[in-house]
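Biologist: I'd like to go through this one with you and ask how you get to each label. Can you show me the model?

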Amino acid sequence: MQDFLLLSLSLSAFFLIYVFIYKFHRFSTNRSSPPSYPFIGCFISFFKNRRRLLSWYTHLLSNSPSLTIVVHRLGSRRTVVTANPANVEYMLKTNFLNYPKGKPFTDVLGDLLGCGIFNVDGELWSTQRKLASHEFSAKSLREFVVKTLEDEVHLRLIPLLRNAARTNAVLDLQDVLGRLAFDTICKMTLGTEEQCLDLSRPVPAIVNAFDMATGISAKRAIAPLSLAWKAKRLFNIGSEKRLKEAVQMVHSWVSHIIRNKNLDNNKDSDLLSRLLSAGHGEEVVRDMVVSFIMAGRDTTSAAMTWLFWLLTKHPKVEQTLMDEVASLTNNYQTASLGYGYEELKGMKYLKACLCESMRLYPPVAWDSKHAAAADILPDGTPVRKGDRVTYFPYGMGRMEELWGPEREEFKPERWFEKGEVKAVSPFKFPVFQGGPRMCLGKEMAFIQMKYVVATVLKRFEFRAVSESEPVFVPLLTAHMAGGLQVYVRERRGQK
């Protein structure tokens, strides 16, 4: 009798709990929000979709009238995800001070970036921003960037591609562009010659250390339970032990270069020399340099990789691009091996191609801030103090409300108006952020990407080994899963 009574009570309790959860779920969500339950929130849906967060968030946002959703799950703070340009402008510009990166963000990247410009707020950020802004605006730095590109592309990249073409070798173009970007950014920031494009040599240990550090740091940010990685860091085990070792290698490498920098005999204009000449301390300079290397290396190579893949699928776009490059080359007969700054500025169709590629495959798929105080976004979404507020460039590029019914298509022409590349709001196309934190290296990034793409396409064409669409993997910066495997062929009459 007692067993029967206990069973009846248990079944009744279970039924009541089920009804409560069902009612809560039914009335606490709408069709654009992930299913949410008491205590655990949307943890079940998040866990099921953890390997396809990009498409899941994009689907939810496209079904939301405001292009905004709220995600609240066990083990993580309440998160507002938006693809609404009005919200993006509000958090990045209008109410900028209420949406700093915040401690949760700086905890994730703090081991690697320290007090670098990309990982701090307030006065520390403002001071570094002013310093970096002055250096990036210098004409001499711009000229140094073009000269660096000329050396790296013509003396290293072109011979590598020519050899692949003549041996009919399969080349991982993503890997090659990543090596080029690392060589280039190290020359620009540190003044060092890393020679990663020499494929006869093993990948330098410092490259592997950067990859390890950025990869593990990125996985911290999307972990279903942050307590897991924090516990591993506390006990120095697993991935957190590997992260610690990688960060130590990166910091030691940069610090060694700083200590051995000879400013008296240095005739170059690399960023490190400029920062040290201004009298800044080693640790501050180290953290700034690590931030710039990480950002400059991965973002440009990712953007170029996706563009080269898109061009293999759109031969008419590629031909139009080549016609532009050829016409500009004929108009600007220079004595140098490559292109000058004015030629690069004139490559309007190439800029449109790069923007269109980054619209579909942004180097940074999402970025988050944390609310310093309770607020209400322009679309009416309430924000609580401490909430994570995420704007979502990957999803924004796929919103019909923003880009029309042909949003999934690669159409560089959408960037033109009356024959000129039109100005698109950085809050509709936030690939380079917007407001006070607008990317300082935007102009430099376009110079680098234009130079490489124009020089390579003039001489070579690529054919992808696989016909299937590559998988977009969003870490700190996005990349193609498995790389971009291609065959290389030289164009006739080109040297």
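Modeller: Sure, and keep in mind that this is a predicted model. Let's start with strands: β4 is joined to strand β7 (residues 388-391) by four bridges, and the two run antiparallel.

Biologist: What makes β4 and β7 a pair?

Modeller: Two strands pair if DSSP finds at least two bridges between them. Four bridges join β4 to β7, so the cut-off of at least two is met. For one bridge, look at lysine 369, whose partner in β7 is valine 389.

Biologist: Which sheet do they belong to, and in what order do its strands come?

Modeller: An open sheet of four strands, ordered β1-β2-β7-β4, with mixed pairing.

Biologist: And what makes β1 and β4 the edge strands?

Modeller: β1 (68-71) and β4 (367-370) each pair on one side only. On average, neighbouring strands here are turned by 20° against each other, direction ignored. Helix α3 packs on this sheet, touching β1 and β2 (79-82), and its direction makes about 125° with that of β1.

Biologist: Threonine 58 is in α3, which covers residues 53-62. Why is threonine 58 called buried?

Modeller: Its relative accessibility is 11%, and buried means under 20%, so threonine 58 counts as buried.

Biologist: What does threonine 58 touch, not counting residues up to four places away in sequence?

Modeller: Phe392, Tyr394, Gly395, Arg398 and Met399.

Biologist: On to the other sheet. Why do β3 and β10 count as edges?

Modeller: That open sheet has three strands in the order β3-β13-β10, with antiparallel pairing. β3 (170-172) and β10 (460-464) each have a single partner strand, so one side of each is left without a neighbour in the sheet. Neighbouring strands are turned by 45° against each other on average, direction ignored.

Biologist: How do you know that β13 pairs with β3 and with β10?

Modeller: Count bridges again: at least two are needed. Three join β3 to β13 (residues 485-490), and five join β10 to β13, so both pairs pass the cut-off of at least two. On the β3 side, leucine 171 stands opposite valine 486, and aspartate 172 has glutamine 485 as its bridge partner. On the β10 side, glutamate 461 is partnered by arginine 489.

Biologist: Which helix packs on that sheet?

Modeller: α8 does, touching β3, β10 and β13, and its direction makes about 50° with that of β3. α8 (residues 173-189) also meets α13 (residues 282-313): their axes come within 8 Å and cross at roughly 145°. That crossing is right-handed.

Biologist: Which residues meet there?

Modeller: From α8, they include Leu177, Ala181, Phe182 and Ile185; from α13, they include Phe292, Gly296, Arg297 and Met304. The contact residues divide into nine nonpolar, seven polar and one charged.

Biologist: One more helix, α6. How do you know that its span is close to the expected one?

Modeller: α6 (residues 122-136) has 15 residues and reaches 21 Å from first C-alpha to last, against 21 Å expected at 1.5 Å a residue. The expected span is 1.5 Å times one less than the number of residues, so the span of α6 is close to expectation.

Biologist: Which residues of α6 are buried, and what do they pack against?

Modeller: Trp125, Ser126, Gln128, Arg129, Leu131, Ala132, Glu135 and Phe136 are the buried ones. They pack against α7 (139-167), α12 (271-277), α13 and α19 (442-459).

Methods. Residues numbered from 1 in each chain as written. Predicted model: local features only at pLDDT ≥ 70, side-chain atom pairs only at ≥ 80, totals over all residues. Heavy atoms only, no water. Axes fitted to C-alpha atoms, helices over the stretch in contact; angles between N-to-C directions. Left-handed = near helix turned anticlockwise from the far one by under 90°. Contact = heavy atoms within 4.5 Å. Nonpolar A, V, L, I, M, F, W, Y, C, P; charged D, E, K, R; others polar. Buried < 20%, exposed > 50% of the residue type's maximum accessible area, 1.4 Å probe, protein only.
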